[in-house]
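Open the model in your viewer and keep the selection tool at hand. The tour goes from one stop to the next, and each stop says what to select.

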Amino acid sequence: MFTKSLIATAAIAAAISAAAPAEQAQAKVNIDINIGGGFYPGYNPYPAYNPYWGVSCGTGRHIVRNHGFYNVNAFDCGKPVYQYTAWKFGQPFKVKVNLAGHIIKISHL
């Protein structure tokens, strides 16, 4: 009795699998292997900063703005230190930025 029901179950399963159309599954695989972070000799991840010439006067202005200053105006873009007038907390400041893009001095006007 058990073998008859087992054979009947197998026959029904075979009939169902034969009647259903087989769909092919598409494997969508995206592999990204980034070894070394994409850096190689001569690659500059910060195009605004050139290790030979330093940041530009405009990039220095953006650096000052990114530190919370507003109304940033350059008044001396002579190397090696750029000087800007800027406002913060409603007060005017003089900000100096070196060629590496670092703020080296902030003083009240």
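Does T59 count as buried or exposed? The model is a predicted one. Select T59, which lies in helix 2, residues 57-66. Its relative accessibility is 18%, and the cut-off for buried is under 20%, so T59 counts as buried. Now add S56 to the selection: the side chains of S56 and T59 are joined by a polar contact of 2.9 Å.

**The whole chain**

Clear the selection and show the protein as a cartoon. Two helices and six strands can be found in it. Followed along the sequence, they come in the pattern α-β-β-α-β-β-β-β. Of the 109 residues in the protein, 16% are buried. The accessible surface is about 8700 Å², and carbon and sulfur atoms account for 60% of it.

**Strands 3, 4 and 5**

Select residues 70-76, strand 3, together with residues 81-88, strand 4. These two strands pair in the antiparallel sense over four bridges. A hairpin through four residues joins strand 3 to strand 4. Next, add residues 91-98, which form strand 5. Strand 4 and strand 5 also pair in the antiparallel sense, over eight bridges.

To walk across the three strands, pick N73, which stands opposite T85 in strand 4. Then go on from T85, which stands opposite K94 in strand 5.

**Backbone details**

Stay with strand 3 and select N71, which is found there. N71 is not a glycine, yet it has a positive phi of about 50°. Its relative accessible area is 52%, so N71 is exposed.

Move on to the loop between strand 3 and strand 4, where P80 is found. Select K79 as well: the peptide bond that joins K79 and P80 is cis, with omega about 10°.

Which residue takes a positive phi in the hairpin of strand 4 and strand 5? That hairpin has two residues between the strands, and the residue in question is F89, with phi near 60°. Select F89 in the loop between strand 4 and strand 5. At 71% relative accessibility, F89 counts as exposed.

**An aromatic pair**

How many aromatic pairs does the count come to? The count comes to one. Select F69 and F93: their ring centres are 5.8 Å apart and their planes are at 80°, so the pair is edge-to-face. F69 is in the loop between helix 2 and strand 3, while F93 is in strand 5, so the pair links distant parts of the chain, 24 residues apart. Both residues are buried. Now show K88 too, whose charged end sits over the ring of F69 at 4.8 Å from the ring centre.

**Last stop: W53**

Select W53 in the loop between strand 1 (49-50) and strand 2 (54-55). With a relative accessible area of 57%, W53 is exposed. Leaving out residues up to four places away in sequence, W53 touches K79 and L99. Select L99 and look at the C-alpha atoms: those of W53 and L99 are separated by 7.4 Å, although the two residues are 46 apart along the chain. For the protein as a whole, take the contacts between residues at least 6 apart in sequence: 23% of these join residues at least 24 apart.

Technical notes
Residues numbered from 1 in each chain as written. Predicted model: local features only at pLDDT ≥ 70, side-chain atom pairs only at ≥ 80, totals over all residues. Heavy atoms only, no water. Buried < 20%, exposed > 50% of the residue type's maximum accessible area, 1.4 Å probe, protein only. Polar contact = N/O pair within 3.5 Å; in protein donor to acceptor, adjacent residues only side chain to side chain. Pairing = 2+ DSSP bridges. Contact = heavy atoms within 4.5 Å. Phe/Tyr/Trp six-rings, centres within 6.5 Å; stacked < 30°, edge-to-face > 60°. Lys NZ or Arg CZ within 6 Å of the ring centre and 35° of its normal. Areas by Shrake-Rupley, 256 points an atom, 1.4 Å probe, with all protein chains shown as cover.
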